[in-house]
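Trainee: Before we start, I would like to go through this model step by step. Please give the reasoning before each answer.

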Amino acid sequence: MIDFRYHLVSLISVFLALAVGVVLGAGPLQNSLGTALNDQVTSLRADRNDLQTRLEQTETAVNERDEYIVAAADSLLPGRLKDQRVAVVVMPDADSGDIDSVVTEIETAGATVTGRVNLTTAWAETARDSFRSTYSGQFSPYLDAVAADGNAILGQGLATALTTEGDNATALMELLTASDTPLVTVDAQPSGPASMIVVVGPRTVAASDGSEPTAAATPEQDAAAWTSALTGLASKATTVVVGSADAKADVVSALRAAKAPVTTVDSVGQATAAVSVPLALAATAAGTVGSYGFDDGADAIIPPVAN
């Protein structure tokens, strides 16, 4: 049986151990531990200051680069799209500043923006796939050549509505804007038929958990539906799609992965993308369908510049 003397010895041992720890902590170990902690804090502070300096230098370099690109565009772009009429098509969640930047460079190149329409999520919602397939049948009588896929037919209908005039164009636009959940809403009424179309897509949204970034579109949307619709659009008119290519669901990534015959420009939001759009339009009109930018699938950083 454990008696009182056993408990007493145990308690004395515990207090002795504590006393030794206090003595050592206040004596020979104090300086070494304190020095080590101070060294770590000093090192971390220096790393933080170094990273802050590098960040500021990078931001300055990016701003200077963009200023240079915009200044160069004022010499490079004028006249590239002389007498062209461009319709602007905006995808869901596209940034308003990105749209304005693209429009500015299009106008710098000499083109006239005929109008602006917004695509709704109804183009790619998985729950409305059957609806799109059935509804596309109403577009067929107004098209001179019809694609096999319903989503592509809708894209053909949009291109025809924006680039032609007459009863067919009017009927197609009415179909696109009909119902309480339309495929298209009109932001700036087209002033007449366009000769070219620019589609502005959303930026990539960074994931908060550190995983792969995702497109701004909702998970209920099918990237393949967007690919098919934009392919149909490009089959009827000179078209350039500018967007992101950082995630698989991004519109430019999806088009490139599908090897769709659509000219694309990645890195939307950067000055290089906005300047490349008019050059890409001119190259596409001349017969060259390409992929431009810095991300996967790009053929070149910038489109070819004709003399």
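**Helix α9 and the aromatic cluster**

Mentor: Start with α9 in this predicted model. The helix bends by about 30° at V277, and a proline, P278, follows within four residues.

Trainee: How far apart are the end C-alpha atoms of helix α9, and what span should its 15 residues have?

Mentor: Helix α9 covers residues 271-285, and the expected rise is 1.5 Å a residue. The expected span is 1.5 Å times one less than the number of residues, so the 15 residues should span 21 Å. The end C-alpha atoms agree with this, being 22 Å apart.

Trainee: Is α9 mostly covered or mostly uncovered, and how many of its residues are buried?

Mentor: A residue counts as buried under 20% relative accessible area. On that basis α9 is mostly covered, and the number of its 15 residues that are buried is 13.

Trainee: Which residue with a positive phi follows α9?

Mentor: The phi in question is near 110°. The residue that follows α9 with this value is G287.

Trainee: Which residues other than glycine have a positive phi, for instance in the loop between α8 and β8?

Mentor: The loop between α8 (251-257) and β8 (263-265) holds one such residue, with phi near 55°. Its relative accessible area is 74%, so it is exposed. The residue is K259.

Trainee: In the loop between β8 and α9, is S267 buried or exposed?

Mentor: S267 also has a positive phi, of about 65°, although it is not a glycine. Its relative accessible area is 9%, and the cut-off for buried is under 20%. S267 is therefore buried.

Trainee: How many aromatic pairs does the structure hold, and what kind of pair do F131 and Y135 form?

Mentor: The structure holds two aromatic pairs. In F131 and Y135 the ring centres are 5.0 Å apart and the planes lie at 20°. Planes under 30 degrees apart count as stacked, so the F131 and Y135 pair is stacked.

Trainee: What separates F131 and Y135 along helix α4?

Mentor: Helix α4 spans residues 129-135, and F131 and Y135 are four residues apart in it. The separation is therefore about one helical turn.

Trainee: What kind of pair do Y135 and F139 form?

Mentor: The ring centres of Y135 and F139 are 5.6 Å apart, with the planes at 75°. Planes over 60 degrees apart count as edge-to-face, so the Y135 and F139 pair is edge-to-face.

Trainee: Which residues form the aromatic cluster, and how accessible is each of them?

Mentor: F131 is partly exposed at 31% relative accessible area. Y135 is buried at 13%, and F139 is buried at 0%. The one cluster is formed by F131, Y135 and F139.

Trainee: Which residue lies over the face of F131?

Mentor: The distance to the ring centre of F131 is 4.3 Å. The residue lying over that face is R128.

Trainee: How far apart in space are T104 and A274?

Mentor: T104 belongs to helix α3 (residues 96-108) and is partly exposed at 42% relative accessibility. T104 and A274 are 170 residues apart in sequence. From C-alpha to C-alpha, their distance in space is 8.3 Å.

Trainee: How many helices and strands does the protein chain have?

Mentor: The protein chain has 307 residues, and buried residues make up 39% of them. Its secondary structure comes to nine helices and nine strands.

Definitions and conventions:
Residues numbered from 1 in each chain as written. Predicted model: local features only at pLDDT ≥ 70, side-chain atom pairs only at ≥ 80, totals over all residues. Heavy atoms only, no water. Helix = DSSP H or I, 4+ residues; strand = E, 2+ residues; numbered from the N terminus. Bend = angle between axes of the 7 residues up to and from the residue. Buried < 20%, exposed > 50% of the residue type's maximum accessible area, 1.4 Å probe, protein only. Phe/Tyr/Trp six-rings, centres within 6.5 Å; stacked < 30°, edge-to-face > 60°. Lys NZ or Arg CZ within 6 Å of the ring centre and 35° of its normal.
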